[in-house]
Amino acid sequence: MVYWLAAILICVSDVVDSRTLSGILEPSHYDFYVFSFNSPLTFVLSTHSGDADLYVTQSSSNPSYHEYDMLSATTGVEIIQIPETFSSPVRVGVFASAQYINTSYSLEVSSDDPLTGNKKYPGKDTSSWSWGDVFWFILEIVFEIMV
């Protein structure tokens with residue numbers, strides 16, 4: 001529970017501020033994120049060094065290369081568009097290939113097609129958010145996961 005709460009806090013604070021998450025992974029390791037939404041989502045994973053793959057699931061467990069609903073595993077930019085039919089929240093896993101010492105990545109999250117240029121945090125107008133708004137939004141996500 002504490003692990004997921006930490007992941008949610010990192011995820012929400014980073015997305016609200018910059019709409020992009022980033023990380024560095026050791027070979028064959030994952031970073032996991034949870035996203036609550038009420039409109040279709042688009043994930044764009046850019047690898048800066050190494051090779052990262054993107055896994056998404058609607059289930060209550062973390063995605064992996066054995067268990068996932070959607071996967072993008074190319075050597076370039078990974079793009080997954082979550083359809084409206086998916087239930088919220090979705091869990092996202094970024095996996096680092098075993099072939100590289102370290103993998104560095106950025107994960108951009110938007111509620112629009114990556115080609116439109118209209119980037120907005122899913123289902124929320126964050127342009128005028130206060131810290132109180134962020135706090136209540138985090139509590140909303142935690143409640144959804146616990147239920």
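Below is a chat between a biologist and a modeller about the predicted model shown above.

Biologist: Hi! Let's start simple. How many helices and strands does the protein chain have?

Modeller: Hello! The protein chain has two helices and eight strands. Keep in mind that this is a predicted model.

Biologist: Thanks. In what order do the elements run from the N terminus on?

Modeller: The order is α-β-β-β-β-β-β-β-β-α. In other words, a helix comes at the start of that list and another at its end, with the strands between them.

Biologist: What share of the 147 residues is buried?

Modeller: Buried residues account for 41% of the 147 in the protein chain. The accessible surface is about 7800 Å², and carbon and sulfur atoms own 55% of that.

Biologist: And what about contacts between residues far apart in sequence? What percentage do they make up?

Modeller: Take the contacts with a separation of 6 or more: 76% of them are between residues 24 or more positions apart.

Biologist: Okay, on to the strands. Is β8 mostly covered or uncovered?

Modeller: Strand β8, residues 103–110, is mostly covered, with seven of its eight residues buried. Strand β1 (residues 20–25) runs antiparallel to β8, and six bridges join the two. Strand β3 (residues 41–49) is also antiparallel to β8, with seven bridges.

Biologist: Which residues sit opposite each other there? Say, what is the partner of Leu21 in β8?

Modeller: Leu21 has Leu107 as its bridge partner in β8. For Ser22, the partner in β8 is Ser106. Ser106 also has Ser46 standing opposite.

Biologist: Ser106 keeps coming up! Is Ser106 buried or exposed?

Modeller: Ser106 lies in strand β8. Its relative accessible area is 17%, so Ser106 counts as buried, the cut-off being under 20%.

Biologist: Which residues is Ser106 in contact with, leaving aside neighbours within four places in sequence?

Modeller: Thr20, Leu21, Ser22, Val44, Leu45, Ser46 and His48. With His48 there is also a polar contact of 2.6 Å between the two side chains.

Biologist: Back to β1 for a second. Which of its side chains are buried?

Modeller: Leu21, Gly23 and Leu25 point to one face and are buried. Thr20, Ser22 and Ile24 point to the other face and are not buried. In a regular strand, side chains alternate between the two faces of the sheet.

Biologist: Nice pattern. New topic: which strands make up the open sheet, and in what order?

Modeller: Four strands form that open sheet, ordered β2-β7-β4-β5, with antiparallel pairing. The edges are β2 (30–35) and β5 (70–72), each of which pairs on one side only. From one strand to the next, the twist averages 15 degrees.

Biologist: How many bridges are there between β4 and β7?

Modeller: Six bridges, linking β4 (residues 52–57) and β7 (residues 90–96) in the antiparallel sense. Among the partners, Leu54 is matched with Val94 in β7.

Biologist: And on the β5 edge, what is Leu71 up to? How accessible is Leu71?

Modeller: Leu71 is in strand β5. At 38% relative accessibility, Leu71 counts as partly exposed. Beyond neighbours within four places in sequence, Leu71 is in contact with Leu54, Tyr55 and Ile80. Leu71 and Asp53 are 18 residues apart in sequence, while their C-alpha atoms are 7.7 Å apart in space.

Biologist: You mentioned Tyr55, so let's talk rings. How many aromatic pairs are there?

Modeller: The count comes to eight aromatic pairs. One of them is Tyr33 with Phe35: the ring centres are 6.4 Å apart and the planes are at 40 degrees, so the pair is tilted. Tyr33 and Phe35 are both buried.

Biologist: And how are the rings of Tyr55 and Phe95 arranged?

Modeller: Their centres are 6.5 Å apart and their planes at 85 degrees, so this pair is edge-to-face. The pair links distant parts of the chain, since Tyr55 is in strand β4 and Phe95 in strand β7, 40 residues apart. Tyr55 is buried at 5% relative accessibility, and Phe95 is buried at 11%.

Biologist: Last one! Which residues form the aromatic cluster?

Modeller: The cluster is made of Tyr30, Phe32, Tyr55, Tyr65, Tyr68 and Phe95.

Technical notes
Residues are numbered from 1 along each chain as its sequence is written. This is a predicted model: local features need pLDDT of at least 70, side-chain atom pairs count only at pLDDT 80 or more; totals for chains, interfaces and linings use all residues. Side-chain values use heavy atoms; hydrogens and water are left out. Buried means under 20% relative accessible area, exposed over 50%, partly exposed in between (1.4 Å probe, protein chains only). Two strands pair if DSSP finds at least two bridges between them. Axes are lines fitted to C-alpha atoms, for helices over the stretch in contact, and angles run from 0 to 180 degrees between N-to-C directions. Contact means heavy atoms within 4.5 Å. Rings of Phe, Tyr and Trp (its six-membered ring) pair if their centres lie within 6.5 Å; planes under 30 degrees apart count as stacked, over 60 as edge-to-face and the rest as tilted. Accessible areas come from the Shrake-Rupley method with a 1.4 Å probe; for residues, only the protein chains shown count as cover. A polar contact is a pair of N or O atoms within 3.5 Å; within protein, one must be able to donate a hydrogen and the other to accept it, and residues adjacent in sequence count only if both atoms are side-chain atoms.
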